[in-house]
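Trainee: Could you take me through one part of this structure slowly? I would like to look closely at the place where the ligand sits, and then at what lies around it.

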Amino acid sequence: MITLIVAMDEGHLIGRGNELPWHLSGDLRRFRQITMGGVLIMGRKTWQSLPGSKPYLDGRINCVITRDPAKYESSTDGCDEECGPFFFDSIEAAVAFSRETIQKMTREIFIMGGREIYAMALASGVVDRMLITHVKGTHDGDVYFPEIGDEWVGRLDYEDKREGLFEVLDYVRRPKEL
Ligand SMILES: NC(=O)c1ccc[n+]([C@@H]2O[C@H](COP(=O)([O-])OP(=O)(O)OC[C@H]3O[C@@H](n4cnc5c(N)ncnc54)[C@H](OP(=O)(O)O)[C@@H]3O)[C@@H](O)[C@H]2O)c1
């Protein structure tokens, strides 16, 4: 199972200046809980925008897609071996590595952005499920999620009842009509 995970506002905005356009601690906590122990596939720009001093998100295997993987080899120095980051020159190579890894360790695979990697993953057909945090309102920014096709149908998975700032929908492919 490959899950795409994203937070977007009502205008499909996902990023601003290579950062998130908002700070939603409740959603970040959920992201951590859901992805913990799994494999993360992300673009080089998203990888470079990770918060904190470590070049990976802990407790997860970090796979980074770049056209120039060799350039980043040295940045694995000093990292936790299991977390990576591991660099790949295509989504197919990252997915093949991730599938092989989860076979050994029973982990889940998450596509975690940004826009270029979401677009590539959706076009390649590898995405089985999308967990989308719908953030209320519109914000300023410069990176948007691609169109969500009619083939996807979402059901409510979580509601931020405390502050009413977001809700999470779980999208799967609409069953084909007979
Ligand atoms: N709201 C959310 O849930 C969420 C989640 C993640 C990210 N974001 C936001 O999204 C923004 C970043 O998204 P982005 O679209 O600008 O960048 P991105 O998708 O994170 O990374 C783009 C990079 O991926 C590599 N790449 C793209 N296509 C490739 C291909 N065909 N083959 C090999 N490598 C390829 C390239 O790296 P090289 O240049 O190294 O070759 C490219 O520069 C940030 O603002 C971030 O905060 C939001």
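**Around the ligand**

Mentor: Happy to! Helix H4 gives the largest share of the shell around the ligand, with 5 residues. Keep in mind as we go that this is a predicted model. Now look beyond helix H4 (residues 115-124): strand E1, strand E2 (13-15) and helix H2 are also on the list of elements that each supply at least two residues of the shell. The ligand has 25 residues around it, and those that come nearest are Ala7, Arg44, Thr46, Thr66 and Arg67.

Let's zoom in on some atoms. Find Arg44 and follow its side chain: a polar atom there lies 2.7 Å from an oxygen atom of the ligand. Next, turn to Gly114, where the backbone takes part: one of its N or O atoms is 3.0 Å from a ligand oxygen. Arg115 also uses a backbone N or O atom, again 3.0 Å from an oxygen atom of the ligand. How much of the ligand does the protein bury? On its own the ligand would expose 950 Å², and the protein buries 87% of that.

From here, move along helix H2, which covers residues 44-48, until you reach Trp47. Trp47 is buried, and its relative accessible area is 9%. This residue belongs to an aromatic cluster together with Tyr72 and Phe87. The structure as a whole holds 7 aromatic pairs. One of them joins Trp47 and Phe87 edge-to-face, with 5.1 Å from centre to centre and 80 degrees between the planes. Because Trp47 sits in helix H2 and Phe87 in strand E5 (residues 86-88), this pair ties together parts that are 40 residues apart in sequence.

Phe87 is buried too, at a relative accessible area of 14%. Its ring also pairs with that of Tyr72: the centres are 5.4 Å apart and the planes are at 20 degrees, so this pair is stacked. Here too, distant parts of the chain are linked, since Tyr72 lies in the loop between strand E4 (61-65) and strand E5, 15 residues from Phe87. Tyr72 is buried as well, with a relative accessible area of 10%.

Let's finish with helix H1, because strand E1 brings us there: strand E1 (2-8) is among the elements that cover the buried residues of this helix. Which residues of helix H1 (residues 25-35) are buried? They are Asp27, Arg30, Phe31 and Thr35. Viewed down the helix axis, these buried residues fall within an arc of 110 degrees, so they line one face of helix H1. A rule of thumb helps here: an α-helix has 3.6 residues a turn, so residues three or four places apart point the same way. Arg29 and Gln33, on the other side of helix H1, are exposed.

The cover over the buried residues of helix H1 also includes strand E3 (39-43), strand E6 (109-111), strand E7 (129-135), strand E9 (152-159) and strand E10 (166-173). Try clicking on Thr35, which is in helix H1. Thr35 is buried, with a relative accessible area of 0%. Leaving aside residues up to four places away in sequence, Thr35 touches Ile5, Leu40, Arg60 and Phe110. Just after helix H1 you will meet Gly37, which takes a positive phi of about 85 degrees.

Methods
Residues numbered from 1 in each chain as written. Predicted model: local features only at pLDDT ≥ 70, side-chain atom pairs only at ≥ 80, totals over all residues. Heavy atoms only, no water. Buried < 20%, exposed > 50% of the residue type's maximum accessible area, 1.4 Å probe, protein only. Helix = DSSP H or I, 4+ residues; strand = E, 2+ residues; numbered from the N terminus. Arc of directions from axis to C-beta. Contact = heavy atoms within 4.5 Å. Phe/Tyr/Trp six-rings, centres within 6.5 Å; stacked < 30°, edge-to-face > 60°. Near = heavy atom within 4 Å. Polar contact = N/O pair within 3.5 Å; in protein donor to acceptor, adjacent residues only side chain to side chain. Areas by Shrake-Rupley, 256 points an atom, 1.4 Å probe, with all protein chains shown as cover.
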